[in-house]
Amino acid sequence: MLEARGITKLYGGLQAVAGVSFSVAPGEVLGIAGPNGAGKTTLFDTITGHTIATDGEILLAGEPVRGTKIHHRCRLGLARTFQHPVAADTLTVLENAYLAASFRRGRSGRRSRPDDIAAGRAALERVGLEGKAGVPAALLPIYDRKRLMIATALATDPLVLLLDEPFGGLSLGEIDETMGLIGRIRDSGVAIVCIEHVMRALVALADRVLVMHHGAEIFVGTPAEMLRDARVVEVYLGAGGGGSA
Amino acid sequence: MTGTFGAVTPGRWAMIAVAVALAAVFPLVYHDPYYMTIIVTGEIVLILNISWNFVLGMAGVWNFGQLAIYALGAYSSGWLMLHHSGVPVPLAILFGGLFSGVVSVLLAFPTLRLFGIYTSLLTFSFAQVIQYVAVNNPHGLTGGSFGFPEVPGLFPDLGQTAYLRAYYWVCAGVIIASCFAVAWLRQSHLGIALRSVRDAPAYTAARGVNPRAARVAAFGLSGFLAGIAGGLYLSFEQSFTTSQMGLTPMSLDVTMLVIGGLGTVSGPLIGTALLTVIQTKLINYPGWQLTVLGATLLVIVVFVPGGIVGLFGRIDRRVRGWVAEDADEAEPAPG
């Protein structure tokens, strides 16, 4: 559904992303791990168009999109969330969801406000925010903001969902609920790529994991293999930590 | 709530109706020509401020070219009034609006490639260039700093009292129509998209909104209304000088917007009315005019960042909060 080949992003002489390739199929979760500064979010930015990759190819449902605009990729079925929970603060929760739903994939013909509001509401129900439809987004606590960001992504009816640290800053109970939510999104046939530091969640959710370090991929495999991989352990724990793993 | 956002409550409709009725009968009971002239000029400034507030407050683009757009509306409508006297004056004013709208769209394209302070610098430079060109009076098109030549105006045959009254009503009509238009636009698909782009640009683009398309539309609508204001000013004052688009009126107008509350529907109304009254009261003390202006702006920016409308919104929410707390305390504790 989404295929990236040899993605490279240069900032001057710095290789933020160095030739990373991956693909993800409908109903699959690809985890992306790596220490801070490994280039995970920059990789996401090149996929969504927030920055244009210096080199490489990005195929979204078979269509090359490397040089296209952010909103164009969204309308083709690519949605993402951000590391910091962001939303249109002065709009209500429902207005946020409505706006995203009005650009949902495959919406045909003239825009219909009742239809778009219904689609927005349906997305809010999927994350459990329907009770806060009238609340301005600025007044939401962090867990609700994170769920709103996922709801507006779902409202665009994506084929591919990129999640940037969906568990960051959440309590243990909230992490469990979010894991359930992401599992349900996966089961609905969406291809998911998820950057995460919370290993418990990553291991439970991901079918495969790609580990990055200094912009390059150093490991691709199942979560179980990742936990046994000497290089991954070294990158995360430092040299010498690998002996007992 | 199955199709509209931010629906107007019956109480607010009643308030709007009373305000419109009072505004309509006001010139029938008040005749002083000196103050009526100030009031009509204030109305035209208000139309300009409503247009500026749309692009500045709602679209969130720090566009300082608005007074040049306003001046271009005056010059282009004046050109029609002078050289094509067969064209009815209202049509000439409408032409000025359309001309300004088109120029505003053209200004939007380079402006929207920039961010932050560079947006302000480019649009400010645009305003300066237009002002210098107008001062040079190319082909006698602008009248230079002496002002645009006398034009017929909307009501060439009326006596002073009736003239002022007629302009008062015309401008009031434009103000009411634009307030309703802005209130409607605010909750329209375009308005929601604009506010979302203003709040969170990268996020909004990732939800399918084309930020540039939405903002170009905002520039066009805002420029159209500014051009109408320019044409009205020229036809009312029978003159338009290049100082009308200088730094002094620009800073006065932006102060009115900030004091009233940027991005709100009623903010320009309150800010323009308040500062027009203050400036008129201090007209014999020119030094104090600027001092009071600066001090008011400082106090608002530091203590009431949302402007007067924002302040009332905060007080309203706080009172509601107290009422809700009292209701909670009044209930017997469960168990």
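**Figure 1. Burial and overall build of chain B.** Of the 335 residues in chain B, 46% are buried, where buried means under 20% relative accessible area, exposed means over 50% and partly exposed lies in between (1.4 Å probe, protein chains only). This is a predicted model, so local features are taken at pLDDT of at least 70 and side-chain atom pairs at pLDDT 80 or more, while totals for chains, interfaces and linings use all residues. Residue numbers start from 1 along each chain as its sequence is written, chains are lettered from A and ligands numbered from 1 in the order in which they are written, and side-chain values use heavy atoms, with hydrogens and water left out. Chain B has 13 helices and 0 strands; these are DSSP runs numbered from the N terminus, with H or I over at least four residues for a helix and E over at least two for a strand. Along the principal axes, the C-alpha atoms of chain B fill a box of roughly 85 × 50 × 45 Å. Its radius of gyration is 21 Å, which agrees with the value near 20 Å for a compact globule of 335 residues; the radius is taken over C-alpha atoms, and the rule is 2.2 Å times the number of residues to the power 0.38.

**Figure 2. Chain A, with helices and strands.** Here you get 9 helices and 10 strands. The C-alpha atoms of chain A fit a box of roughly 60 × 40 × 30 Å along the principal axes. For its 245 residues, a compact globule would come out near 18 Å in radius of gyration, and chain A agrees at 18 Å. Buried residues account for 53% of chain A.

**Figure 3. Two loop residues of chain A with positive phi.** Most residues other than glycine have a negative phi. A:Ala61 has a phi near 50° and sits in the loop between β4 (55-60) and β5 (63-64) of chain A. A:Ala61 counts as partly exposed because its relative accessibility is 49%. A:Glu165 also has a positive phi, near 50°, and belongs to the loop between β7 (160-164) and α6 (172-187) of chain A. At 12% relative accessibility, A:Glu165 counts as buried.

**Figure 4. Around B:Met256.** Look in helix α10 (residues 247-260) of chain B for this one. B:Met256 has 3% relative accessibility, so it counts as buried. Beyond its neighbours within four places in sequence, B:Met256 is in contact with B:Val45, B:Asn49, B:Gly271, B:Thr272, B:Leu275 and B:Thr276, a contact being heavy atoms within 4.5 Å. B:Pro268 is 12 residues from B:Met256 in sequence, with 6.7 Å between their C-alpha atoms.

**Figure 5. The second largest pocket.** This pocket holds about 760 Å³ of space. On a 1 Å grid over the protein atoms alone, a pocket is an open set of points where a 1.4 Å probe fits, with protein on both sides within 12 Å along at least five of seven lines, and lining residues have an atom within 4 Å of a point. Of the 26 lining residues, B:Leu112, B:Phe115, B:Pro201, B:Pro211 and B:Arg212 are the closest to the centre. Helix α2 (70-76) of chain A and helices α7 (189-199), α8 (201-205) and α9 (211-237) of chain B each give two or more residues to the lining. The lining splits into 12 nonpolar, 10 polar and 4 charged residues; Ala, Val, Leu, Ile, Met, Phe, Trp, Tyr, Cys and Pro count as nonpolar, Asp, Glu, Lys and Arg as charged, and the others, Gly among them, as polar.

Terms used: Grid points are joined across faces, edges and corners, and a volume is the space filled by probe spheres set on the points.
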